[in-house]
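User: I am new to this structure and would like a close look at a single part of it. Please pick out one residue, say what surrounds it, and then work outward to the rest of the chain.

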Amino acid sequence: MSEQPIKLSAYGTNGPVSDVFNFNIDGQKVYETLDIDLNSHTYGQAISVQQKVNGKLVDVSPNSELGLSIAADQNSTRQTAYINKMSFVSSKAENSGNSNNHEAALKNSGMYEMANGDFPYNVEIPAVEYVIEPSDAESGEGGEDGGETTSNPVFKEKEKKFVGVFAYPYNAHYTDRGGAPTQDHMKIDMFQYKAPQADYLGSMFRDKADNATETEAENNATFSKTVTQGLKRNSNIKKYLGTVKMPVPNQLTTANGVSWGEGRANAFEAASFLGAFSGLRSLIAGGSNVGGLITNAGKGAVDTIKNLTSGRAPDANTLLASAASRAALAAININTDPNQFITRATGRAINPNLELLFAGPKLRSFTFSFQFAPQNPDDAAITRRIMRFFKQGMLPSRAASSDLFLMSPNVFRLAFMNGSQKIRSLNSFKMCALTTCQINFTPDGTYQAYDDPSVISQPVRSQMTLGFTELTPIFHDDYDMTTSRASLFDLQRQVQENGPLQDGLSENLTDTTVQAANDIGY
């Protein structure tokens, strides 16, 4: 049996092996517990970070809003409190005769510079392991005890919170620095997804039982508008959630594509469609009534019969007879190809009028690979946060009111940037969905890691491969940016990288924006 290491307090014999200091962040009091066991490899590091909720101390999640504020420590409140506490611990260690052991333990754990204020105290908050109690389980909406009190609960989506702005490497110069040069980088913003027809068709799915007349009128108006104007769409951006900035990846390629396919129609099929289409279009437009439609169809049939019986169109007779034969045999479940029999008998083939015809646009997909080789604890922490940013952001979530539906994952906006300016010599992207996120912790074929007390071990190198697909296709007029489309406005909407999405974007693109678009290649 292996021997357990003896716990030795910096405060002396029978002293505590942990101590707590507190500070205020965003108006909330935070309690941070430190390891002061001289024989511990995490000496001077945080064991837990907690806050009081309903009189009880509970762990703060690293990814919660409070956890992110603590890690950011914008006013150095946490760092000041930590240095003061470690100064107190140092004096206690000196009084107990453990001064040399105190300094050696700090150096062994990598906390010596932080404890003395020579290096920022920006260590990660310890991960939280949650145990779900029965009282914490989702039990519906409405009642004071959390239980459902209505037979028709309102569908509700869980609120998503801002997760932060992360840049790798940690000390990269990605932001403007008063005229100093900045590094080219790839900037990826994450947003909570908004359904493309939420503003347009959303009323059809809202419960308006108390105003059925209004609902029916709205539905009729929506039907009429869709038939006459086409299916409109709104913005896909609901809420700004965070940003990641990384070096421009290697292997940058782009390709536009559209779908074309073979189109076939012999003369009989074309004439039949054109005749029916012309008559029905006139009827729908009010140019004729049903009686006139029948009369015109009868006149057309008489003219056709005259031409066929006059002997002036023998090929048409053959084509019509073959089509009639196929229809008659199909009625008794005998399928034949009249074209092959005509070819067998005469050596001729029915002209299919073969054309390559446009079938529709295609959605573009992109794959980017990013290499991570952390050089210090800050780089390692940012690497882990970036990986979680994408792995969690691409997943669907469950609704707050029931598990009958899943909510769409977040969407992403990609751009190649230098400072606050978009690099226009590289291609642009429309809003994208993240379809794949692959992480390889052994890109060199061998597992290698170094000691990192905050996560036990950290891989020396790793590779993250992201696969994106645009939500909407690229159109000819998108290059000119002269049309008022929501998919273009989503690319122009600004964000404040400390959290909120800036409102008030004008829906009229300025001349400057349109002029700059001439240099942008999608």
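Analyst: The residue chosen is Q50. Leaving aside residues up to four places away in sequence, Q50 touches K29, V30, Y31, L57, V58, D59 and V60. The model is a predicted one, and every value below is computed from it.

Q50 belongs to strand β3, which covers residues 46-53. The relative accessible area of Q50 is 18%, and because the limit for a buried residue is under 20%, Q50 counts as buried. Q50 can also be placed against T33: the two are 17 residues apart in sequence, and their C-alpha atoms are 8.3 Å apart in space.

Next comes the pairing of the strand that holds Q50. β3 and β4 run antiparallel to each other and are paired over 4 bridges. One of the bridge partners is D59 in β4, which pairs with Q50; D59 is also among the residues that Q50 touches. K52 has its bridge partner in β4 as well, namely L57, and L57 is another of the contacts of Q50. The two strands form a hairpin with 2 residues between them. In that turn, N54 has a positive phi of about 55°.

As background, the strands of a sheet pair through backbone hydrogen bonds, in either a parallel or an antiparallel sense.

The hairpin is part of a wider sheet. This sheet is open and has 4 strands in the order β1-β2-β3-β4, with antiparallel pairing. The edges are taken by β1 (18-25) and β4 (56-59); each has a single partner strand, so one side of each has no neighbour in the sheet. Direction ignored, neighbouring strands of this sheet are turned by 35° against each other on average.

Two helices lie across strands of this sheet. Helix α1, residues 65-72, lies across β1, β2 (28-35) and β3, and runs at about 100° to β1. Helix α2, residues 77-95, lies across β1 and β2 and runs at about 155° to β1. α2 contains Q79, a residue that counts as buried at 18% relative accessibility. Not counting residues up to four places away in sequence, Q79 touches D73, F119, P120 and Y121.

Outside this part, a second hairpin can be described in the same terms. It joins β16 to β17 through 3 residues. β16 covers residues 449-452 and β17 covers residues 456-459, and the two pair in the antiparallel sense over 4 bridges. Within this pair, D451 stands opposite S457 in β17.

The cavities come next. Searching the whole structure gives 3 cavities of 30 Å³ or more. The largest cavity holds about 50 Å³ of space. Its lining consists of F441, T442, P443, D444, T446, Q448, V460 and R461. By type, these lining residues divide into 3 nonpolar, 3 polar and 2 charged.

Another buried residue is F191, in strand β6 (residues 184-193). F191 has a relative accessible area of 0% and is buried. Not counting residues up to four places away in sequence, F191 touches I237, K239, Y240, L241, N410, V411, R413, M431, V495 and L501. The C-alpha atoms of F191 and P409 are separated by 9.3 Å, while the two residues are 218 residues apart along the chain.

Some loops have backbone details to note. P169 lies in the loop between β5 (164-167) and β6, and a cis peptide bond with omega of about -5° joins Y168 and P169. Q251, in the loop between β7 (237-247) and β8 (258-263), is a residue other than glycine with a positive phi, near 60°. Q251 counts as exposed at 69% relative accessibility. N353 is found in the loop between α10 (338-346) and β9 (355-361), and its phi is also positive, near 50°. At 39% relative accessibility, N353 counts as partly exposed.

Finally, the chain as a whole. It has 13 helices and 18 strands. Of its 522 residues, 32% count as buried. Among contacts in the chain with a separation of 6 or more, 71% are between residues 24 or more positions apart. Back at the starting point, Q50 is buried, sits in strand β3 and has D59 as its bridge partner in β4.

Terms used
Residues numbered from 1 in each chain as written. Predicted model: local features only at pLDDT ≥ 70, side-chain atom pairs only at ≥ 80, totals over all residues. Heavy atoms only, no water. 1 Å grid on protein atoms, 1.4 Å probe; cavity = no way out; pocket = protein on both sides within 12 Å on 5 of 7 lines; lining within 4 Å. Points joined across faces, edges and corners; volume = space filled by probe spheres on them. Nonpolar A, V, L, I, M, F, W, Y, C, P; charged D, E, K, R; others polar. Pairing = 2+ DSSP bridges. Axes fitted to C-alpha atoms, helices over the stretch in contact; angles between N-to-C directions. Contact = heavy atoms within 4.5 Å. Buried < 20%, exposed > 50% of the residue type's maximum accessible area, 1.4 Å probe, protein only.
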